[in-house]
Amino acid sequence: MKAIFKNILLTVVAGLSCTVVLAQNVPVEKDYYRIVSVPAPEGVELEVGGLALMPNGDLGVSTRRGDVWIISNPYQLNGSLPYYKKFASGMHEVLGLAYVKGDFYCVQRGELTHLIDKNGDGKADVYETVYSWPVSGNYHEYSYGPVVMPNGNMMVNLNVGFDDEWWRGKSLVPWRAWSLEITPDGEMHPYATGFRSPAGQGLIDGKYFYAENQGDWVGSGYIMQLDRGDFAMHPAGLRWAADPSSPVKVRLEDIYSRVNPRFNDPEGKIEDRDPNRPYKTLAEVAGEIKKGYKTPAVWIPHGTLGNSTSSMVQIPDNDSFGPFAGQVLVGDQAQSRINRVFLEQVKGQYQGAAIPFREGFESGVLRLAWGADNSLFVGQTSRGWGSTGQKEFGLERLVWAKTTPFEMKAVRAMPDGFEIEFTKPVNKKAAADPDNYTITGFTYKYHPVYGSATIREKVHIVNAAIVSEDGLKVRLVADSLREKYIHEIKVDKAVTSADNSVSLLHPVAYYTLNNIPDGEKLNVPKRHPKMDHDMAGMNMDMGKAKPSTAKAAPSNGVALKKNQTTKPASWTTIDQTVAIGTKPGLKFDKTEFTLKAGSKVKLTFTNNDDMPHNFVVVAQGDAIAVGDLGTKLGLQAVKLNYIANTPKILFNATLVGPGSSQTIYFVAPKPGKYTYVCTVPGHYFVMQGTLTVE
């Protein structure tokens, strides 16, 4: 398929006498990977929880509504529509599906179920419990799987739950927050723990990986390779670690003796309000404890590459899906996207780079499965969870257009930096300029707080960029890289393909450097970088991001901050008091409220949800644009509360953690309709309300 490009005229002015105009093609994702809808019959609520390809090319689909469907001709061959047949129903939130030797296996909220069609009529006659586990009834006790291991056993992952402290994940009943290995005849062996919300699993090179979501104790989403007896991160499941059947050696006191669990927080919550509070990173704690304490293979930076890490699949080891054979695709439910991960092993441990791949799916990406034609089925749902894609559910196919994008094909760790391999030869002159690359290292706090801002940021000087003879690789020699840190690697748009036709489709990668490989370091001179507009005024060791100093509308001659958290001294009275909160499902507890123009307002925003939210007021029609700006804040997004410094914002409450609140003061604007919105990525499309000013 011939790629379609948008043309942009780039004007370069040399002095006052000469203007050179260069036409450059700007590629977009759909030129290379097309999204094709798989239509469902009217009335079928296909909230996809699991996908499983059958040997004849049909597709099994389980749903959060408790059904299993078989879809014939999901590829819509010869222009004909798919055919749906219900195979099973009446189950409890089926968040995983596998097809094994002619039968389906699925995971319900409380059991692994074997579905058997005895009479061959295309419907399940027997719903057989393979193994069941306890449930407390808490809404957050999701169960995921199964993943069929090479030995035929099945892996199931179980979420934490919540009790009265609904912001703190707990293992309320045995084996919650664990991975269980279950034999086909129903024998269960606890495998690993340390989970919070392990929504994705998969086999990569025959080894078991799982994907985690940000939350308490979990600074950001990630993927991790797990062996029997591993402890991942969240301590809740260690409640059962001393059980005779447990292979896990880490204990709760190992964690709590090093990191304060804050059980006696005076506010009864676990917000990180004290910037001077001592903290440790995950790698530091893991290094002290050892005993099978695992760290992520690759972090998926929260807010930047996603918010809710989900399913993963390995790309076939051939050219059937483009130039990325053997790499891993990882879904994100909240941002309705798929990221790509390049993995390598260094000193026996997995590490690698996370790179954007494809956005624009119609709902939240939860499950991925390869089709018989080497297209990728993308199962989606958003009900109660919210997503950038606006539909409540969807099933689509991702199809390679047989055109190779200009991308970073791989990023590899070197003894003195990184090596970038491209899908096409680069312009050697531009690629050899070290000023065309920026490397920023960072990590996260390990603490009982929902997520973490990036910490310990450091810009690493690129001393040399050495291009290979064939133009397909560039070796970056950089100073003082740090093990156990994530490194953002940005490539300037000046680095184009060899024919100067395109810049990189995705010019940023996030490499998790667990180990620096041994080997010879190149002897290159040290240098000082040329500051550009992105680095001007930035120290090499970056400090905490400064909040916006923008002012809101003046009141009685006093200009208020947009985030005014103290009552102005000039105010003798408050004209109106407003309380607004949140509800599960990315909702405010009020869809609208009314103010009087010019009135002095005290507004208290209380977050009753189990994830952070903010409260931002904008003119009607600006909510999505302001949310987009917050998403583009990059590594500073959390520190800046996903709130960009833009005149489109009238006033706001900053990011408020679960169970906490913030009070702001402002003067109601002129009469009209306004929108209040949470600008957290994935939230702002749906989490909105209307402010009417009379």
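This section describes a nonpolar core, a helix, a four-stranded sheet and a buried glutamine in a predicted model.

The largest nonpolar core comprises 64 residues. Within this core, the residues that touch the most other members are Ile255, Tyr293, Val341, Leu343 and Tyr446. For Leu343, residues up to four places away in sequence being set aside, the contacts are Ile204, Phe209, Ala297, Val298, Val328, Tyr350, Gln351 and Gly352.

Helix α2 spans residues 282–289, and its buried residues are Leu282, Val285, Ala286 and Ile289. Viewed down the axis of α2, these buried residues fall within an arc of 100° and therefore line one face of the helix. The elements that cover them include α1, at residues 252–256, and β19, at residues 298–300. Ile255, one of the core residues named above, has a number that falls in the α1 range of 252–256. Directly after α2, Lys290 adopts a positive phi of about 60°.

Strands β12, β13, β14 and β15 form an open sheet in that order, and their pairing is antiparallel. The edge positions are taken by β12 (143–148) and β15 (188–193); each has a single partner strand, so one side of each is left without a neighbour in the sheet. Direction ignored, neighbouring strands of the sheet are turned against each other by 25° on average. In the interior of the order, β13 (residues 154–158) pairs with β14 (residues 178–182) in the antiparallel sense, over four bridges. Met154 is placed opposite Ile182 of β14.

Gln214 is located in the loop that joins β17 (207–212) to β18 (221–225). With a relative accessible area of 6%, Gln214 is buried, because residues under 20% are classed in this way. Two polar interactions of the Gln214 side chain are described here. A polar atom of this side chain lies 3.0 Å from the backbone oxygen of Gly219, and the side chain also makes a polar contact with the side chain of His302, at 3.0 Å. Both Gly219 and His302 appear among the residues in contact with Gln214 when neighbours within four places in sequence are left aside. The other residues in that set are Arg196, Ser220, Gly221, Tyr450, Gly451 and Ser452. Of these, Gly221 bears a number in the range of β18 (221–225).

Note on methods: Residues are numbered from 1 along each chain as its sequence is written. This is a predicted model: local features need pLDDT of at least 70, side-chain atom pairs count only at pLDDT 80 or more; totals for chains, interfaces and linings use all residues. Side-chain values use heavy atoms; hydrogens and water are left out. A nonpolar core is a set of buried Ala, Val, Leu, Ile, Met, Phe, Trp, Tyr and Cys residues joined through side-chain atoms within 4.5 Å. Buried means under 20% relative accessible area, exposed over 50%, partly exposed in between (1.4 Å probe, protein chains only). Contact means heavy atoms within 4.5 Å. Helices (H or I, at least four residues) and strands (E, at least two) are DSSP runs, numbered from the N terminus. The arc is that of the directions from the helix axis to the C-beta atoms. Two strands pair if DSSP finds at least two bridges between them. Axes are lines fitted to C-alpha atoms, for helices over the stretch in contact, and angles run from 0 to 180 degrees between N-to-C directions. A polar contact is a pair of N or O atoms within 3.5 Å; within protein, one must be able to donate a hydrogen and the other to accept it, and residues adjacent in sequence count only if both atoms are side-chain atoms.
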